[in-house]
Amino acid sequence: MQNLNFTAVSGDGFIAQDMTFVNTAGPAKHQAVALRSGSDHSVFYRCSFKGYQDTLYVYSQRQFYRDCNIYGTVDFIFGDAVAVIQNSNIYAIKPMSGQKNTVTAQARTDPNENTGIVIHNSRITASSETYLGRPWQKYSRTVVMKTGLDGNINPAGWLPWSGNFALSTCYYAEYMNTGAGAGTGGRVNWPGYRVLSSAAEAGKFTVGSFLAGGSWIPATGVPFSSAL
């Protein structure tokens, strides 16, 4: 049963700074969202998101996260927003026995949707074996670039959702990651997975291009890197 004691934001232009969003349900309650954002042009700066399963629900619209700390276990950054997480710390904490940690579960349902979860210039630290994501919906799209991945990232990198579901239709990509878990030699061989070698291709997922952030983030006063 989903725990409903969470913060939800909507409307346009929501900004949070130096705030902590927590769901205290604990791991045994399973799905327990700390924040659900459906706010267009929303910015979260120096915020923390603490929970276990389903911590941060990037529900919809354009969202930017900068210098944040995000904690969780299963699918703890999930949803169908246009979301870029930059210069942030992502902590996969110890799950319950028998659970596998997955950082993301993106929910794009149409290949023409301009949605996805982008993790840029950040750090993913894991307390136990962890995967970068699994495809919640058919066209799930997640890009991890220029991010430090520690040694607890499973060499396969990515985890199926159920059987062969979405393995050929997802878009999962890595670009110039570093750290003990960044090697791509043992990654999944799904048709939907790719290692990007081109700055032009990776550049499609920057704040400037993917979020068109140069047109709206400067007004918030929050620092950001527009390019790779």
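Which residue in E17 is the bridge partner of Val118? Select Val118 and Val143 together: Val143 is that partner in E17.

The model is predicted, so local features need pLDDT of at least 70 and side-chain atom pairs count only at pLDDT 80 or more, while totals for chains, interfaces and linings use all residues. Residues are numbered from 1 along each chain as its sequence is written, and side-chain values use heavy atoms, with hydrogens and water left out.

**Strand E17**

Strands (E, at least two residues) are DSSP runs, numbered from the N terminus. Select residues 141-145, strand E17: five of its five residues are buried (under 20% relative accessible area, 1.4 Å probe, protein chains only). Arg141, Val143 and Met145 lie on one side, and Thr142 and Val144 on the other.

Next add residues 116-120, strand E14, which pairs with E17 in the parallel sense over four bridges. Two strands pair if DSSP finds at least two bridges between them. Then add residues 171-175, strand E19, joined to E17 by five bridges and also parallel. Here Val144 has Glu174 of E19 as its bridge partner.

**The six-stranded sheet**

Now show E1, E4, E7, E10, E13 and E16, which form an open sheet in that order with parallel pairing. Strand E1 (7-9) and strand E16 (130-133) stand at the edges with a single partner strand each, so one side of each is left without a neighbour in the sheet. At the E16 edge, three bridges join it to strand E13 (residues 101-106); Thr102 has Tyr131 as its bridge partner in E16.

**Thr55**

Select Thr55, in the loop between strand E6 (48-50) and strand E7 (56-58). Its relative accessibility is 0%, so Thr55 counts as buried. The side chain of Thr55 reaches the backbone oxygen of Tyr52 at 3.2 Å.

**Aromatic rings**

Colour Phe, Tyr and Trp: the structure holds 15 aromatic pairs (ring centres within 6.5 Å, using the six-membered ring of Trp; planes under 30 degrees apart are stacked, over 60 edge-to-face, the rest tilted). Phe21 and Phe44 are edge-to-face, at 6.3 Å centre to centre and 75° between the planes. Phe21 lies in strand E3 (residues 20-22) and Phe44 in strand E5 (residues 42-45), so the pair ties together parts 23 residues apart in sequence. Both Phe21 and Phe44 are buried.

Move to Tyr172 and Trp190, whose ring centres are 6.2 Å apart with planes at 40°, so this pair is tilted. Tyr172 is in strand E19, and Trp190 is in the loop between E19 and strand E20 (193-195).

Definitions and conventions: Buried < 20%, exposed > 50% of the residue type's maximum accessible area, 1.4 Å probe, protein only. Polar contact = N/O pair within 3.5 Å; in protein donor to acceptor, adjacent residues only side chain to side chain.
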